[in-house]
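Subject: Handing over a structure, with notes

Dear colleague,

I am passing on a structure that will be new to you, and below it I have set out what was found in it. Please have the sequence and the model open while you read.

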Amino acid sequence: MLTLIYAADRRLVTLLQPQRSANEPLSRQAATRSPQKLPKGIRFAHGIPVRDPNPAPSLPRRGGPPQRARIRGVKQIVVVASGKGGVGKSTVAANLALALAHTSPLGRAPRVGLLDLDIFGPSVPKLMGLEGAGEPALSDRNKLLPMQNHGVATMSIGYLLPAGDTPVAWRGLMVQKAVQQLLFDVEWAEGGDELDVLVIDMPPGTGDVQLSLGQLVVVDGAVIVSTPQDVALIDARKGVVMFNKVNVPIIGLLLNMSHFICGSCDAPHELFGSADKFVRAAHELGLDVLGKVPLVTSVSDGGDAGRPVMVQSEATGEPVREVMRGVGEKVWKWLLARPHENHGVRG
Ligand SMILES: Nc1ncnc2c1ncn2[C@@H]1O[C@H](COP(=O)(O)OP(=O)(O)O)[C@@H](O)[C@H]1O
Ligand SMILES: [Mg+2]
């Protein structure tokens, strides 16, 4: 008889229970069972396994949980996430991809990609100057070919939806399907050359997409973007906790819109709250602050024009470029120090 029982550590254990003859006392059975062969943590009373009196709720599952894998054609992955929308995640993700391209320690130009996983609010096409660039072509393997600009390979649901203001109104299952396609149906390797790093722009919050990503893909690190306000910081903390739960290591926090430098004085104006308070909160979480990006109009203007500040040359953007180059160097350092574990590849 096949019996499913819970071990004390709440893992579901499958146990082959020996047949008992009808007139054999239960106590004798328990005595004849060799205890060293039993899975650890299982107790018996009167010859039958004792269940945890308060077991964790579980849904019946077919097969095991999905195995985390690497994405075919991608060596390493960095996600840019935040607990809230509007803190500058997509802007940071686009500029981080370019910063990584500009600060490579590899001794050659790296291959960098940018994947937009924000299904309801894709912004990579606009930020990277690829709005209206048409639909992606398909490879021989029937995979989507990335759209390229500023030296970065990109993919977004925005390339696949009809142009215009029609919002995506999908139920969870459709979103899941779209996320899986964006993760595993893109031909990132070009002529056999893999991407050295793929930056993923996440949707805001701690929902399905974040959980799916953590469960399906081996992510090498997360950069959590936040603004200095208390509310943003509370949500950033939630993001940190969630990534810890799904085993995504956190590289550090990035403080965006930390201060404003006006044209008429040199003093930094902390419009949204104290940067020092943010740094203290980060240290309480045991995290590094990778950089403090000022609020500069050329960042938003560049985003609207499809020319991220990292590819501009005007002096007004230089303080941001300087910070982002520093962030790029720290992220490379993190990536190069990552252990090379053997995971499967999907896609
Ligand atoms: N450092 C910055 N300086 C000026 N504007 C910024 C900065 N960071 C982001 N923005 C602007 O803030 C708005 C929201 O940024 P976005 O990247 O779309 O946020 P999210 O992806 O978190 O929703 C955009 O208009 C963007 O141009
Ligand atoms: Mg965004």
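I begin with the surroundings of the ligand, where the residues of the shell around ligand 1 divide into six nonpolar, 10 polar and one charged. Please keep in mind throughout that this is a predicted model. Of the 17 residues around ligand 1, those that come nearest are G88, K89, S90, T91 and S300. The elements that contribute two or more residues to this shell are α2, β12, β14 and α8.

As for the protein as a whole, its secondary structure comes to nine helices and 15 strands, and 37% of its 347 residues count as buried. Among contacts between residues at least 6 apart in sequence, 76% join residues at least 24 apart.

The interior is a good place to go next. The largest nonpolar core has 82 residues, of which V79, V80, L96 and A97 touch the most other members. The largest share of this core comes from α2, which gives nine residues. If neighbours within four places in sequence are left aside, V79 is in contact with I200, M202, L213, V219, A222 and V248.

Strand β6, which spans residues 74–81, is mostly covered, with seven of its eight residues buried. On the one hand, β6 pairs with β10 in the parallel sense over six bridges, and there I77 stands opposite L198. On the other hand, four bridges join β6 to β11, and these two strands also run parallel, with V80 standing opposite V223 in β11.

One of the contacts of V79 is M202, a residue found in the loop between β10 (195–201) and α5 (208–216). Is M202 buried or exposed, given its C-beta neighbours inside 10 Å? Because M202 has 25 C-beta neighbours inside 10 Å, M202 counts as buried. Not counting residues up to four places away in sequence, M202 touches V79, V80, A81, K89, L117, D118, V209 and Q210, and among these K89 also belongs to the residues that come nearest to ligand 1. The C-alpha atoms of M202 and S82 are separated by 7.8 Å, although the two residues are 120 residues apart along the chain.

A second strand worth following is β9 (residues 152–156), which is mostly covered, five of its five residues being buried. In a regular strand the side chains alternate between the two faces of the sheet. In β9 both faces are covered, with V152, T154 and S156 buried on one side and A153 and M155 buried on the other. Five bridges join β9 to β7 (residues 112–116), and these strands run parallel, whereas three bridges join β9 to β8 (residues 147–149), and these run antiparallel. T154 is the bridge partner of L114, and T154 is likewise the bridge partner of M147.

The strands β8 and β9 form a hairpin with two residues between them. What is the phi of H150, in the turn of this hairpin? H150 has a positive phi of about 50 degrees, although it is not a glycine. H150 counts as buried because 20 other C-beta atoms lie within 10 Å.

A comparable backbone angle is found at N247, where phi is near 60 degrees, again a positive value in a residue other than glycine. N247 sits in the loop between α6 (230–245) and β12. In contrast to H150, N247 is exposed, because 11 other C-beta atoms lie within 10 Å.

Finally, I would draw your attention to helix α9 (residues 318–336), which has 19 residues and reaches 27 Å from its first C-alpha to its last, close to the 27 Å expected at 1.5 Å a residue. The buried residues of α9 are V320, R321, V323, M324, V327, G328, V331, W332 and W334. Which elements do the buried residues of α9 pack against? They pack against β6 (74–81), α2 (89–102), β11 (221–226), β12 (250–261), β14 (289–295) and α8 (297–305). Among these elements, α2, β12, β14 and α8 are also the ones that give two or more residues to the shell around ligand 1.

With best regards

Terms used
Residues are numbered from 1 along each chain as its sequence is written. Chains are lettered from A and ligands numbered from 1 in the order in which they are written. This is a predicted model: local features need pLDDT of at least 70, side-chain atom pairs count only at pLDDT 80 or more; totals for chains, interfaces and linings use all residues. The expected span of a helix is 1.5 Å times one less than its number of residues. A residue is buried if 20 or more other C-beta atoms lie within 10 Å of its own, exposed if 12 or fewer, and partly exposed in between; C-beta atoms are placed from the backbone. Two residues are in contact if their C-beta atoms, placed from the backbone, lie within 7 Å. A residue is near a molecule or strand if its C-beta atom, placed from the backbone, lies within 6 Å of it. Ala, Val, Leu, Ile, Met, Phe, Trp, Tyr, Cys and Pro count as nonpolar, Asp, Glu, Lys and Arg as charged, and the others, Gly among them, as polar. Two strands pair if DSSP finds at least two bridges between them. A nonpolar core is a set of buried Ala, Val, Leu, Ile, Met, Phe, Trp, Tyr and Cys residues joined through C-beta atoms within 7 Å.
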